[in-house]
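Here is a quick walk through a few side chains and the company they keep. Have a look at the model first, then read on.

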Amino acid sequence: MPDSKVHSFIVKLWLEDQGEQKGGSTWHGYVTHVPSGERRYLKELQDIVAFIKSYMGNSDTTFVSQVRRWWRS
């Protein structure tokens, strides 16, 4: 992974209707790291933070905490 201090990500989310018999709708999506083109499909929204953290390294845990707080708002 590059050691750049600037990273760009694209997050795409969509809601799929599962029909009334299956109990509603389910969120699907993916996050893409723009410079590398690496894409990760999401099973849970928290996967976005995990993917971004993999590019931030262990040095910036404050950033990850801020993203988690923002996501819960």
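## Rings and a histidine

Tyr30 counts as buried, with a relative accessibility of 13%. Keep in mind that we are looking at a predicted model.

So what does Tyr30 pair up with? The structure holds 5 aromatic pairs. In one of them, Trp14 and Tyr30 meet edge-to-face, with 6.1 Å centre to centre and 70° between the planes. That pair links distant parts of the chain: Trp14 belongs to strand β1 (residues 9-17) and Tyr30 to strand β2, 16 residues apart. Tyr30 has another partner too, as the charged end of Arg39 sits over its ring, 3.9 Å from the centre.

Now for His33, which lies in strand β2 (residues 25-33). Leaving aside residues up to four places away in sequence, His33 touches His7, Ser8, Phe9, Glu38, Phe51 and Tyr55. With His7, there is a polar contact between the two side chains, at 3.0 Å. As for the ring-bearing neighbours, Phe9, Phe51 and Tyr55 form one aromatic cluster.

How do the residues compare for burial?

| Residue | Relative accessibility | Class |
|---|---|---|
| His33 | 0% | buried |
| Tyr30 | 13% | buried |
| Trp14 | 29% | partly exposed |

The cut-off for buried is under 20% relative accessible area, and exposed means over 50%. Trp14, at 29%, falls in between, so Trp14 counts as partly exposed.

Definitions and conventions. Residues are numbered from 1 along each chain as its sequence is written. This is a predicted model: local features need pLDDT of at least 70, side-chain atom pairs count only at pLDDT 80 or more; totals for chains, interfaces and linings use all residues. Side-chain values use heavy atoms; hydrogens and water are left out. Helices (H or I, at least four residues) and strands (E, at least two) are DSSP runs, numbered from the N terminus. Buried means under 20% relative accessible area, exposed over 50%, partly exposed in between (1.4 Å probe, protein chains only). A polar contact is a pair of N or O atoms within 3.5 Å; within protein, one must be able to donate a hydrogen and the other to accept it, and residues adjacent in sequence count only if both atoms are side-chain atoms. Contact means heavy atoms within 4.5 Å. Rings of Phe, Tyr and Trp (its six-membered ring) pair if their centres lie within 6.5 Å; planes under 30 degrees apart count as stacked, over 60 as edge-to-face and the rest as tilted. A charge sits over a ring if NZ of Lys or CZ of Arg is within 6 Å of the ring centre and within 35 degrees of the ring normal.
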